[in-house]
Amino acid sequence: MKAFLQNSLLVLFLVLISPKAVFAQEKINTFDVNITAHEDGSMTVKESIEYDFGQENRHGIFRTIPLVSKVGDLYRVIEVDFQTVKRDGDQENYQVVERSKETEVKIGDPDKTITGPHNYIIIYKVKNGIGSNYADHDEIYWNITGNNWQIPIEKVSYQIQTDFGIAPLESVCYTGPVSSKLKDCAVKENLITSTTAIDAYQGMTAVTKFPVNTFPKSVLQKSEPVFDPDFLMLLKIYIPVVLGLNLLVAPYLVFWYLRKRSKQRFGKPAVNFDIPKNISPAEAGIIDNAKLEKNDVVASIFNLAIKKYLKIEEVKEKRSLMPDKTDYKLVKIKNNEGLDEFEKTLMQKLFESSESVKLEDLKTDFYLTFSKLEKEAFESLVVKKLYTKNPKTQMTLLLVLGIITLVLGNIILGPVLIFLSRKLNGRTPEGDKVDFAVDGLKIFLKAMTRYHKFQTKNLIAVEKYIPYAIALGLQDEFMEQLKIINPDYKPTWYSGGHGFYYTYPAM
């Protein structure tokens, strides 16, 4: 009686701490495999798996089959083609996932759950799975269960035969983890059975010999597969796409640009004596290279001086042990009436704290105003319908796309997109016309003495070109020619001991 009570308490204790372990242990009751080898070297494998889910709610099972085996210094890679998958005698949903070294079939309905015992029948065909490369025999080396099951297998049986009258010579079996030499199994003619349960992540393997030349020679390779089939499929799609992008799209983009967007469609630029109408020096500089630069701001300061909104004065700072230091002071003359937003912002920054400012004092935080000036300049160009947007956006997107495209192997399209990122800057067709006119103006500014001798006595007309020469980066060429036209030129909006021709480079 005492022993009975002790046993009862023990059972109750086990139930309380682990009811699943007592009543609902998930396992495989039987795992039966039958292989029929064919004369062409292929095999038909039929697996019958009695899977008990216990009280667990599951959708189904996963069956993983290794594809690669080592043969000396070489590798055999098999092909698996699933033909039939049933559960309890009826066709079951399944999905095959192929990888470089294994194939997996997911069996079950993701929208339904099952419990208790169920019988699965899996039939598939295997190619290149027979070892027929030995001098004295052929063999079928087969991992019967695989080693991926997370639950124990109570009983395994394995039977092998051919369908063309050749019987196996002998078989040997192994159990346990991968590469194990344990033999908890029994061989009787062409039937192999396990003698103990197979633990989780272990399996059973069999090697069966046949007379030499029973099967055609199988294919061996020097290295293991590297890429998954999905990747190889993607590669098969990727290569034609890359060829199309590089050999068709890239030439088309170049053709389209040369015909529709390049300034070459306007012909060769001719000298232009006129400043583009309603275009400030800073805007001319932006249109020329699609960005606001320091030269454009300096040009705007000169333009404000020429329009009598401010005056540029040279100032000297005496130093005892070093040569005197030269700086420039901007003096406000009148308020901002009549200026555009860009020039108003510039004037406000220059004279935000006093009616005069040294250029040296502007170097600390002027970059903050520079960003605002750039924004307002492009907003003005958009309003004038010369740009569709700030060119930084489009140019950056094209540049990034070009770099990514190049990294992905588009050795033609990538550089084309990078080239177009410098050319397709959001400028409208009307903006292209203004840019073409600016190119003609640059020709004039480079050779003013040749084209503009009649302006020698009319310095007011010549003077208006100074800010545009600075904005377009031609100040050196232009000033050298202005010296020739009038070496004693002294504008009213500038004062200093060195003379005007020494001023522009310092700013």
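In the structure examined here, which is a predicted model, Ser 194 touches Glu 154, Lys 155, Val 156, Asp 184, Cys 185 and Met 204, when residues up to four places away in sequence are not counted. Ser 194 belongs to strand E15, which covers residues 191-194. With a relative accessible area of 1%, Ser 194 is buried, because a residue is classed as buried when this value is under 20%.

A second residue, Thr 175, can be described in the same terms. Thr 175 is placed in strand E13, which is formed by residues 170-176, and its relative accessible area of 3% makes Thr 175 buried as well. Leaving aside residues up to four places away in sequence, the contacts of Thr 175 are Ser 180, Leu 182, Lys 183, Asp 184, Cys 185, Ile 198, Gly 203 and Met 204. Asp 184, Cys 185 and Met 204 are among the residues touched by Thr 175, and they are also among those touched by Ser 194. Although Thr 175 and Ala 206 are 31 residues apart along the chain, their C-alpha atoms are separated by 8.9 Å.

The pairing of the strands may be considered next. Strands of a sheet pair through backbone hydrogen bonds, either parallel or antiparallel. Strand E10, made up of residues 117-127, pairs with strand E2, residues 43-52, in the antiparallel sense over 10 bridges, and within this pairing Glu 50 has Asn 119 of E10 as its bridge partner. E10 also pairs with strand E6, residues 79-87, again in the antiparallel sense but over 8 bridges, and here the bridge partner of Glu 79 is Lys 127 of E10.

E6 takes part in a further antiparallel pairing, with strand E7 (residues 90-91), over 2 bridges, in which Arg 87 stands opposite Asp 90 of E7. E6 and E7 form a hairpin that has 2 residues between the strands, and in this turn Asp 88 has a positive phi of about 55°.

An open sheet is formed by 3 strands in the order E4-E5-E17, with antiparallel pairing. Its edge strands are E4 and strand E17 (220-221), each of which pairs on one side only. Between E4 and strand E5, which spans residues 74-77, there are 4 bridges, and the two strands run antiparallel; one of the residue pairs concerned is Val 71 with its bridge partner Leu 74 in E5.

Among the helices, H10 consists of 18 residues, from 429 to 446, and reaches 26 Å from its first C-alpha to its last, close to the 26 Å expected at 1.5 Å a residue. The buried residues of H10 are Gly 431, Asp 432, Val 434, Asp 435, Phe 436, Val 438, Asp 439, Gly 440, Leu 441, Lys 442, Phe 444 and Leu 445. This list holds nonpolar residues such as Val 434 and Leu 441, and also charged ones such as Asp 432 and Lys 442.

The open spaces of the model include pockets as well as a cavity. The largest pocket has a volume of about 890 Å³ and is lined by 34 residues, of which Val 68, Ser 69, Tyr 141, Asn 143 and Thr 205 lie nearest its centre. Two or more residues of this lining come from each of strand E3 (60-66), strand E4 (68-71), strand E11 (137-143), E13 and strand E16 (203-211). Divided by class, the lining of the largest pocket contains 15 nonpolar, 13 polar and 6 charged residues.

The second largest pocket holds about 550 Å³ of space, and of the 24 residues that line it, Tyr 51, Gly 60, Ile 61, Phe 62 and Ile 107 are the closest to its centre. At least two residues of this lining are supplied by each of E3, strand E8 (94-98) and strand E9 (102-108), and E3 gives the most, with 5 residues. The lining of the second largest pocket divides into 9 nonpolar, 9 polar and 6 charged residues.

As for enclosed space, the count comes to 1 cavity of 30 Å³ or more, and the largest cavity contains about 40 Å³. The residues lining the largest cavity are Ser 280, Ala 282, Glu 283, Asp 340, Phe 342, Ala 377 and Ser 380, which by class are 3 nonpolar, 2 polar and 2 charged. Helix H4 (281-289) and helix H7 (366-383) each contribute at least two residues to the lining of this cavity.

Technical notes. Residues numbered from 1 in each chain as written. Predicted model: local features only at pLDDT ≥ 70, side-chain atom pairs only at ≥ 80, totals over all residues. Heavy atoms only, no water. Buried < 20%, exposed > 50% of the residue type's maximum accessible area, 1.4 Å probe, protein only. Contact = heavy atoms within 4.5 Å. Expected span 1.5 Å × (residues − 1). 1 Å grid on protein atoms, 1.4 Å probe; cavity = no way out; pocket = protein on both sides within 12 Å on 5 of 7 lines; lining within 4 Å. Points joined across faces, edges and corners; volume = space filled by probe spheres on them. Pairing = 2+ DSSP bridges.
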